[in-house]
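Dear colleague,

I am passing on to you the structure shown below, together with some notes on its interior. Please read them with the structure open beside you.

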Amino acid sequence: MAFTSLLGKTTVYPGLQADCAFSTDPTSGSPSWTDITAYVRGFSCRRGRQHDLSRIEAGTLDLLLSNNDRRFDPTYAAGPYYPNVLPLRRVRIRAQWSSVTYPLWAGYVEAWPPSWPAGGKDDVVTVHAADAFKVLNLSSLRGASFASELTSARVTNVLGTVSIPSADYSIATGEITLVASGTIADDTTALAHILEVVDSEGGGGLFYASRGGTLIFEGQRHRIANETVASGTFVDGAGTTGLTYLDLQASYDDSEVWNEVTMTPSGGTAETVSDTGSQTTYFKRAVSFTGLHARQGEAAAVASIKLYRQADPVLRFPQMTVAGAANPSVLWPKLLALELSDRIGVQRTPPGGGAAILQDCHVEGVEHTVGTDSWVTRLMLSKADAATSFWTLGTSQLGVDTTVGY
């Protein structure tokens, strides 16, 4: 197997390798990979979410393959992969820079649709694939039941119920105790239930498939406890760090202002918290949520943190576009290694003079678009809480804000 630059410039672009596990069933924990890099014309992959207030979406891959010898044609019996050009075969993309290999995307093929451009003189297949969320969305929890337990225990037990190998997930300790589930309804999938569990954990909880395909659960405390310092700052011009970006989107409006938040725990009483100062300035703006909380106090805590983060508008940088080839030795190691929740700095220097705008952000989503003449990376971002925004129960911190984390 060899890593190859699709763009032909090995000094400014990473090598790439695309693999498919044609001969291995997707339920196997030990896939046998076949290198198909020589047939790749381009791809785009994405993971994460567009906004920190939304749920994580299934990661997707669109992989354009040359098919002039019909090797990716499921009907062609003389093809080298016949009869295993099938949906749900594992597929992955990896990159290599400066002898370091970085997983970029991993998941399962959904479709192998052929097309014949150039008036029928060319033959291509655009593979459509989805990450491990696809498997969880296919897996029913019909008849299962779970005891009252921490969110992290529930996620672990759900994954075990649908036979996800333990090597394929990493679960951090959650903060919220859930009510017993009772017998799960027939139409409930593993993914649907896990996402409901994550909603109950609160705005800091996260569940996603990593660059390498591992399912990750992060508890409410992960970002405020582990992602407190930016790993580098991206700037809008040549700076000492060399982390430069092409474009930066900004937003500052009232669309995300909530100043009365209600959280209703399962079988419990609604917990409502309000910010009267915000209501005076922006009118009363109420929002309601439901959760699986077993404890009233934890439902109230989740509502309080949502109110703290949304009571006033803030300047946000929702999307940043970066070209790694602009400064290869510095940008590629950073871009290829980025994972969801990572904390980075973003700086913008307005032309009107004065101090630059500097904001710490968390990575919410990563997209790579690669063709034969360009590689563009887009990062979806959210404003990070200040490192001292919360006093966390169970810790000894003096001189910090009185907002309680947990």
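The largest nonpolar core of this predicted model has 91 residues, and those with the most contacts inside the core are Leu63, Trp112, Leu136, Phe207, Leu215, Met320 and Trp375. Among the elements, helix H4, which covers residues 190–201, gives the most to this core, namely six residues. If the neighbours within four places in sequence are left aside, Leu136 is in contact with Leu159, Val162, Ile164, Thr189, Ala190, Leu191, Ile194, Phe207 and Leu215.

Turning to empty space, the structure holds four cavities of 30 Å³ or more, and the largest of these has a volume of about 80 Å³. The residues that line the largest cavity are Ser251, Tyr252, Asp253, Glu256, Val257, Gln310, Asp312, Pro313, Val314 and Arg316; sorted by class, this lining has four nonpolar, two polar and four charged residues.

The second largest cavity holds about 60 Å³ of space, and its lining is made up of Cys45, Arg46, Arg47, Leu104, Trp105, Arg211, Leu335, Leu336, Leu338, Val366 and His368. Two or more residues of that lining come from each of strand E3 (40–48), strand E6 (100–111), helix H8 (328–337) and strand E21 (357–370), with E3 giving the most, at three residues. By class, the lining of the second largest cavity has seven nonpolar, one polar and three charged residues.

With best wishes

Notes:
Residues are numbered from 1 along each chain as its sequence is written. This is a predicted model: local features need pLDDT of at least 70, side-chain atom pairs count only at pLDDT 80 or more; totals for chains, interfaces and linings use all residues. Side-chain values use heavy atoms; hydrogens and water are left out. A nonpolar core is a set of buried Ala, Val, Leu, Ile, Met, Phe, Trp, Tyr and Cys residues joined through side-chain atoms within 4.5 Å. Buried means under 20% relative accessible area, exposed over 50%, partly exposed in between (1.4 Å probe, protein chains only). Helices (H or I, at least four residues) and strands (E, at least two) are DSSP runs, numbered from the N terminus. Contact means heavy atoms within 4.5 Å. On a 1 Å grid over the protein atoms alone, a cavity is a set of points where a 1.4 Å probe fits but cannot get out, and a pocket is an open set with protein on both sides within 12 Å along at least five of seven lines; lining residues have an atom within 4 Å of a point. Grid points are joined across faces, edges and corners, and a volume is the space filled by probe spheres set on the points. Ala, Val, Leu, Ile, Met, Phe, Trp, Tyr, Cys and Pro count as nonpolar, Asp, Glu, Lys and Arg as charged, and the others, Gly among them, as polar.
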